[in-house]
Every structure is written in C-alpha cells, then in structure tokens.
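Here are my notes for anyone opening this one for the first time. Have the viewer ready and follow the points in order.

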Amino acid sequence: MEENNLKIRDVDLGFIARAVKRYRIWVILCPVILGISAYTLSRQSPKTYEASAVLLATNNVTSIISERSSDQATVSAPPLPEGVMAQALQSEEVVSGVILGLKRNSSISDIEKKRLLNQLTQETRDQKLKTISLSSRLDFNGNGTYTVTSKAREPEAARKLSNLVSEALVRWDRGRGLASIRLGLAGFDSQLKEIDKSLARKNLSSRERQSLLNGRARVQESKVRLSILENSAVGVLSPLVSAQTPRLPVSPKPLRNAVLAVILGLVLTIACAAVATISDRTIRTEEDLLPLGLPTLATLPRLRQRDVLLRGIVRAAREAGLYEAVGFLRVNLLGILVNRPHPVVMMTSTAPGEGKSSVTATLADGIASSGQRVLIIDADLRRGTQAAVWKKYDEMGTWKKLEAAGGARTTQEALMRPHEIEVLQVEPNVDILPAGPGITDSLSILNQADISQALSIWRKHYDVVLIDTAPLLALADGLVLGRHTDAVIMVVEYGQTHIHGAATAIRRAERAGLNIIGSVINKANPQEESSYNYSYSYGAPTQSGRA
C-alpha cells in the first residue's frame, strides 16, 4: 500500500512538473506581472496609520438605592454586560462626542478632518465601524482591558481619534453612574413630597408632627449627601494607556503585497497549467500512448524551418539533435525485426502534415549511415512527397535499373510491372521509387496490383524497404499495403495529433491485420518535455562523418 501511494505521489509530482514546464512562460510571467502590479498599486495607495488607547474595566457592584449608599465617598456604575461596549461604540452619544472633538481639534489637517468626519458619519449610519475598532481582554467577572484602535491617513489624526473615542467611552460609562445617582435623588424627592403632604394635614398631633419633621430632616440630609456624590460618581471604565503618535504606517506594504501577489499568481497559474494539461488530449509524451498499448520507438525534435529551407530535411536533420533521435529509432526498429531478413516497414500517420515523409527520409538516411541499403517506396499515390524531400538544388540524382532498364520510374507504374523498374539514387545506399503524378483512384491501382509479388522482388536488392503511405484516417491505401509488410510504424505529431484520432487509426489497423510495432512522436519541443528517450548533450556529426 505504501509503495502504491508513493507511486501515486511521484506521478502527481511528475504531472505537475510537466505542466509547469509546458507552460513555464506563463508560470513565470503571470506571477511577476501580478507582483509588479500589486507593488505599484500599493505604492500609489494612501498611507494608513494606526493608534491604540487602552481602558481599564473594573466591575465593582455597588447599590445606591438606599440611604446607606449616601455614606460612600464614591458611587460606581453598574457592571458592563458582555457586548454592551461594542454597541456603545456605535451609539450616537459616543460618536457625536468624537465628531465634536474632531471639529474642535486644530492639529489635524482640514482635508483629513473632513474625510474622517464624513467616514465616521457614514459608518455610524450604516452601523459598520471600520475607522474605529474595539477589542477586549476580560476575565469571567468582566474585569480587564478594552483596546480602542483608530485608523487615519495622518499619524496625529490616528492618535487624536483614539484618545477622543477613549474619552467618549469613559464619559458614557460615567453617565451610567450619574443616572443611578439621579434615580436615587428622584426617590428622595418622592419621599419628601409624601412627608410634606402628611405635614399639611390639620388633625396631626404634636407628637406625629414631630416624628414627620424628624423623618423629613433625615431624608433631606441623605439627599444632600447623595447630591454631593453626584460630583464624585465614577464608571466601570478608566483610562489606562493613552494613544501615542504612530511612527510607521500599517498600510500599504508594497513589498508584502507584491510577495503575496506573486505567491497567489504562482498557485493560480500552476493550477491553470494543470487544468490545461489535463484537458489537453493531444499526444506529447510516451505516457500519452501507453493506454493505447503502443510503445514509443523514438521522440524526434522539431527542426527549425530556416534550416529545412536552407539545407533540406535530411541535411538539416544530420546537423541537429535529430541525428541522435533517429539513431534510437533505427536501433529500436532493427532490434524488433532482427529475425526478419530484408524487412519491409510501412510508415504511416493518422492525418496529413504529421511528418511521416520526413521521418521516413531521415530514418532511411540513418539506416544507410550504418552501411545498409535502403529503398524508399513512395506509396502515397495521391500526394507523394519523397521526391520533394530528397530534391537537392542542382542535383537531379541518378536513375539505375533494379530489374530491367527503361522500366517504370513511379510507384503506380512499378506496381503493375514489378520486374521492369528503375529507382532514383538520392544518397549512397539510399534509393527511392517516387509516387509519380497524383491520382484520385489510388485504391483501385492497389487492388489490381500484386503487392506481395512486387515487394518480394524488390526486397531482395535491399536490406530494408520503407514504404511511405497515406494517413490511415484519410485513405484506406495504408490498410491495403500494410497487410503485405513486416511491420508498421505510426507517426504522430507532438501537440497536434489527438489521442482519439490515434486510437481510431490503431483500431482500423488492427482490424485490417496490420502489425503496428510502435510509434514515433515527431516535431517535439525539447524545452517543454523532459521525458525523451535520447540525449541532446552530444553534438551532431558533420556530413563527412555520417557513416
């Protein structure tokens, strides 16, 4: 089980690595652009400063609705229930005091003062304070600290705003204590009125009147004492630490924002690259062909168009990294067919343009470099290309007889007269039989010809016979020819051949009885994929050293 999990992790990491390598330009470019954009925008954003003031909360419960409370030196407000401070911070009583304090302050610039006033008014109306925030650290009894934090675009404005909010909360809290005292004074006033009503009765005895007068004196004395306490009333809150002027802004932080943007961009880009790789059903690596049961004989890199135009496909292949890749293809092919003398191999593809003709030519050149004689039969009778592939600027090539002089010089004629053909020598040990003028009824010619007899006659003169035929999904010509060959090689184009197209071509070939021994991934990008079966570290040999 652990080995299976390890393999799964290795496959996943390998898949991600391939996705990153395939889209490496975007994986690098997008995070860099996001990082630069975040840094630039952050530098242009206004600076925000933050200051904090700390309030001490002491919940001492004291009853004042009694005469005994008048003996106290101070009177405290009732304890603060949980959540009350947050509500009080957004109350009009507190915010209006803060706004008034801001208007009177002269140390804040008019622009910042106006901005803060508008922002506080709007936030209070929406009941969503952002400029001011409150946090607390309290024990089970509600004792602890409250921290008031304010944000502004000027350091002094942030300090002043925090202190104004702190002062407003302390006033609001002391107001709760005053409310209790005033409630007690109102109670004493009610007692005095009742006593005065009783004294106003005419049928009172002197003893009752004296008792009422004594009681009235005691209540009046308690009222006086409670009135004195009105000036000494305290709340639960008291200032602990005043806000200080901040030295550095809390935002923006260009470097931090740029780093976060780069990380986010990198994650998103890698995710997009993985999704794009998953949704890409074209053939790019050997692993893509494994579900089809088709081994990869070689992966050939793409030639530069400039080199092909200047030197031709074969010469350009010798001087590029393609030379080593073709060497692998040659070794793999001849290794599979080691027990078959003078093998006949058909080269085909799924659709036109995948490069089967160029692969056939470079393979023939690679086999010939080891001293073996190769015949290329251009059997794509509708669109033969071998003559153009091997054409050299001022070199027309040499015609030589194979069975009889003055015979057929095209594949369509040679199939009808296999004993009377001439071939075109294009390189030492490499001869070709051109397809001839394109025809539309190629299948009828193949059906009329004795292909087995023709191939048995021609193969005696060569070590290897390569047949370049039409794509399997375009024409049925390859299905007819492939039955008479020893092996079939499927050429697919890197990043272009769809996996379903290759599967369809393979099914057709298998139903027709063709022996498909493997595939060649052509026109690969060596910088994008690393899972190649050849190395680029060796320099290509010169033309003089091709053997």
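1. In which strand is confidence lowest, and in which is it highest? This is a predicted model, so that is a fair place to begin. The low end is strand β2 (residues 75-76), with a mean of 57, and the high end is strand β1 (residues 49-57), at 94. Two stretches have pLDDT below 50: residues 61-73, with 24 contacts in the model beyond near neighbours in sequence, and residues 531-547, with 43 such contacts. Averaged over the chain, pLDDT comes to 81, with 85% of residues at 70 or more.

2. Now for the overall inventory. The chain has 19 helices and 15 strands. Of its 547 residues, 45% are buried. If you count contacts with a separation of 6 or more, 80% of them link residues 24 or more positions apart.

3. Start with the sheet of 9 strands. It is open, its pairing is mixed, and the order reads β7-β15-β14-β8-β13-β9-β12-β11-β10. At the edges you'll find β7 (296-301) and β10 (398-401), each of which pairs on one side only. Ignoring direction, neighbouring strands here are turned by 25 degrees against each other on average.

4. Which strand does β7 run parallel to? That would be β15 (residues 516-524), joined to β7 by 4 bridges. To see the pairing in the viewer, look for T296 opposite S519 in β15, then for P301, whose bridge partner in β15 is A524.

5. Stay with β15 and look at β14, which is joined to β15 by 6 bridges, again running parallel. V492 has I521 of β15 as its bridge partner. The route from β14 to β15 goes through helix α19 (residues 499-511), and this β-α-β crossover is right-handed. Why call β15 largely enclosed by the rest of the structure? Because 8 of its 9 residues are buried.

6. Helix α13 (residues 356-368) deserves a look too. It lies across β7, β8 (344-349), β9 (374-378), β12 (430-433), β13 (464-468), β14 (487-493) and β15. Against β13, helix α13 runs at about 170 degrees.

7. Next, helix α12 (residues 322-336). Its 15 residues reach 21 Å from the first C-alpha to the last, close to the 21 Å expected at 1.5 Å a residue. Which residues of α12 are buried? They are L322, E324, A325, V326, L329 and L333. What they pack against is β7, α11 (313-318), β8, α13, β14 and β15. When you look at the spacing of buried positions in a helix, remember that an α-helix has 3.6 residues a turn, so residues three or four places apart point the same way.

8. Compare the helix α8 (residues 254-279) with its expected span. At 1.5 Å a residue, its 26 residues should cover 38 Å, and the end C-alpha atoms are 36 Å apart, which agrees. The buried residues in α8 are P254, A258, A261, G265, T269, A273, A274 and T277.

9. One residue to click on is L424, which sits in strand β11 (residues 422-427). Is L424 buried or exposed? Its relative accessibility is 10%, so L424 counts as buried, the cut-off being under 20%. L424 is 27 residues from G397 in sequence, yet in space the two are 6.3 Å apart, C-alpha to C-alpha.

10. Finally, there is a sheet of 4 strands, open and with antiparallel pairing, in the order β3-β4-β1-β6. Here β3 (132-138) and β6 (237-241) are the edge strands; each has a single partner strand, so one side of each lacks a neighbour in the sheet. From one strand to the next, the twist averages 30 degrees. β1 and β6 are paired antiparallel over 4 bridges, and A57 has L237 in β6 as its bridge partner. As you turn this sheet around, bear in mind that in a regular strand the side chains alternate between the two faces of the sheet.

Conventions:
Residues are numbered from 1 along each chain as its sequence is written. Side-chain values use heavy atoms; hydrogens and water are left out. pLDDT is the predictor's confidence in each residue, from 0 to 100. Helices (H or I, at least four residues) and strands (E, at least two) are DSSP runs, numbered from the N terminus. Contact means heavy atoms within 4.5 Å. Two strands pair if DSSP finds at least two bridges between them. Axes are lines fitted to C-alpha atoms, for helices over the stretch in contact, and angles run from 0 to 180 degrees between N-to-C directions. Buried means under 20% relative accessible area, exposed over 50%, partly exposed in between (1.4 Å probe, protein chains only). A crossover is right-handed if, with the strands pointing away from the viewer, the path from the first strand over the helix to the second runs clockwise. The expected span of a helix is 1.5 Å times one less than its number of residues.
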